[in-house]
Amino acid sequence: MSKLKIGILGASRGMDFAMRILPGWEYAEIAAVCESYPPLLEKCIQFFQERGQSVFCTSSFDDLLEAGIDAVIIANYANEHAPYAIRALDRRIHVYSEVQPVQTLAEACLLCDAVERSGKVYAYGENYCYFDNTFAMRRHYEDGEIGEAVCLEGTFCNDCSPKWHLLTRGIRDHWRNYVPSSFYCTHSIGPLLFSTGLRPVRVHGLEAPRLTHMAEKGARCGSGASLSMDMSNGGMGRSLNTNGFKHPYIASYRLFGENGTIEATPDSVTVYRYDREFRYDVKSEKASFMPFRHRPELDLGPVSNSDATGFGLFVAKILGDPVGERYSIDVYRALDMALPGLLGYRSILKDGIPFEVPDLRDPAVRDRYREDRYATDPRTPEPWRLPTSKSGTPEVDESVYEAVREDLARVDLTPGMK
Ligand SMILES: NC(=O)c1ccc[n+]([C@@H]2O[C@H](COP(=O)([O-])OP(=O)(O)OC[C@H]3O[C@@H](n4cnc5c(N)ncnc54)[C@H](O)[C@@H]3O)[C@@H](O)[C@H]2O)c1
């Protein structure tokens with residue numbers, strides 16, 4: 001069987017797949033890369049030339065779509081994924097989308113339509129669902145070890161401020177400088193939904209203020225968001241995501257059930273159960289259970305392994321493998337994970353009142369949201385443009401971005417995630 005030909009849109013994070021995930025892969029190979037930032041495109045060309053790999057490199061997405069690819073990894077700006085995913089699906093190209101799936105409810109409707117009319121595979125690359133321990137959390141839950149979940153809790157804390165110059169390149173309107181504080185919520189919510197099969201039906205949001213060290217780098221949004229969710233089974237969910245709190249990295253999850261609790265972190269998964277005398281039985285492990293893992297002999301580290309698994313499941317689904325069908329994250333699940341971030345922000349701007357989280361599986365529900373274009377993106381026309389934080393859209397002097405660009409000029413740019 002010939003290998004699937006994979007294209008990449010966006011060569012910072014996207015090149016992680018070319019450099020770490022796909023080399024030696026049995027069923028797929030990188031065929032083309034599209035990157036619009038000239039210095040990074042040059043580095044990609046050099047990277048492939050040095051390895052004797054024939055990979056088509058371009059700055060044009062149209063040319064990428066023409067390059068004979070079977071599937072594309074969408075790793076451009078996080079709030080611009082949907083339009084590119086839709087263009088690929090309409091060319092009958094399978095899509096593996098980086099986080100987040102959409103910027104607006106209107107886009108979410110169009111994305112569902114495009115997946116349905118294409119008949120192609122859309123998989124959401126929410127790699128935090130595919131850490132060994134979060135995957136094991138799902139297995140323990142499906143095995144009924146804690147009964148029905150009544151409370152779900154996820155925290156994602158990743159202080160990005162030290163590398164803001166690498167991440168934003170001093171571009172005033174880089175998405176990281178203006179997306180809502182709650183936008184990047186699928187690392188905290190995703191594993192909870194992936195494990196339990198539940199979906200949020202209502203969301204309330206709260207925002208932490210823009211911290212000074214983020215403002216000094218040009219961020220115009222709040223530095224963290226908390227979302228409270230009513231879940232489809234009557235239980236509650238809670239998500240905390242932040243890119244600016246001064247705390248070491250956290251990715252932690254808890255499912256509180258009728259009979260016990262499952263807790264997952266990058267280091268371990270722990271099941272707490274109590275017996276009839278209310279004595280706790282604690283079972284903790286570093287999970288190794290993976291129903292599918294590409295090249296398990298390689299220790300790629302938790303994040304790259306979860307990328308290998310997520311992407312492997314995408315390929316498995318394309319090839320008709322039932323494991324891929326079962327564990328790959330489809331467009332509806334992706335939106336269950338992401339919409340609380342969009343609607344939670346609307347709640348933040350309205351002092352925490354609840355917003356319904358629609359189930360866009362139903363085309364009739366979609367019809368209610370087709371015109372919902374609310375976003376903080378400065379390109380959003382009125383009346384849809386939202387302030388970038390609960391206290392408004394701050395003015396930031398251009399000298400702030402100049403200073404970030406000066407920081408960037410001092411480093412040697414490399415493809416792949418910083
Ligand atoms: N899952 C994870 O663990 C994880 C980690 C990091 C980043 N990400 C995601 O990866 C994506 C990329 O993030 P990032 O921080 O690497 O970079 P980024 O968001 O700054 O930009 C992505 C790259 O795409 C390029 N690009 C943007 N629009 C383009 C276009 N139309 N044509 C060609 N190239 C274009 C940019 O020049 C840039 O190099 C985001 O969606 C982010 O959320 C995911």
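In this predicted model, Asp351 adopts a positive phi of about 55° just after helix α13. The helix itself comprises residues 331-349. At its opposite end, the start of α13, a side-chain oxygen of Asp330 approaches the backbone nitrogen of Tyr332 to within 3.1 Å.

The length of α13 was compared with the value expected from its residue count. With a rise of 1.5 Å a residue, its 19 residues should span 27 Å, and the end C-alpha atoms are indeed 27 Å apart, so the two values agree. The helix nevertheless contains a kink of about 35° at Ala338, located shortly before the proline Pro340. Helix α13 is mostly covered, with 18 of its 19 residues buried.

Two residues of α13 illustrate its surroundings. Val331, found in this helix, has a relative accessible area of 2% and is therefore buried, the limit being under 20%. When residues up to four places away in sequence are not counted, Val331 touches Leu111, Val115 and Tyr122. The C-alpha atom of Val331 is also separated by 8.9 Å from that of Ala108, although these two residues are 223 residues apart along the chain.

Arg333 likewise lies in α13. Its relative accessibility is 16%; because this value falls under the 20% limit, Arg333 counts as buried. The side chain of Arg333 reaches the backbone oxygen of Gly197 at 2.8 Å. Apart from neighbours within four places in sequence, the residues in contact with Arg333 are Leu193, Gly197, Leu198, Arg199 and Arg361. Gly197 thus appears both among these contacts and as the partner of the Arg333 side chain through its backbone oxygen.

The ligand is surrounded by 28 residues, of which the closest are Ser12, Glu35, Val99, Trp175 and Arg176. Polar side-chain atoms of two residues were examined with respect to ligand oxygen atoms: that of Glu35 lies 2.5 Å from an oxygen atom of the ligand, and that of His81 lies 2.9 Å from an oxygen atom of the ligand. Val99 contributes through its backbone, with an N or O atom 2.6 Å from an oxygen atom of the ligand. Taken alone, the ligand exposes 840 Å², and the protein buries 94% of this area. The elements giving two or more residues to the shell around the ligand are α4 (81-90) and α8 (175-178).

Key: Residues are numbered from 1 along each chain as its sequence is written. This is a predicted model: local features need pLDDT of at least 70, side-chain atom pairs count only at pLDDT 80 or more; totals for chains, interfaces and linings use all residues. Side-chain values use heavy atoms; hydrogens and water are left out. Helices (H or I, at least four residues) and strands (E, at least two) are DSSP runs, numbered from the N terminus. Buried means under 20% relative accessible area, exposed over 50%, partly exposed in between (1.4 Å probe, protein chains only). A polar contact is a pair of N or O atoms within 3.5 Å; within protein, one must be able to donate a hydrogen and the other to accept it, and residues adjacent in sequence count only if both atoms are side-chain atoms. Contact means heavy atoms within 4.5 Å. The expected span of a helix is 1.5 Å times one less than its number of residues. The bend at a residue is the angle between axes fitted to the seven residues ending there and the seven starting there. A residue is near a molecule or strand if one of its heavy atoms lies within 4 Å of it. Accessible areas come from the Shrake-Rupley method with a 1.4 Å probe; for residues, only the protein chains shown count as cover.
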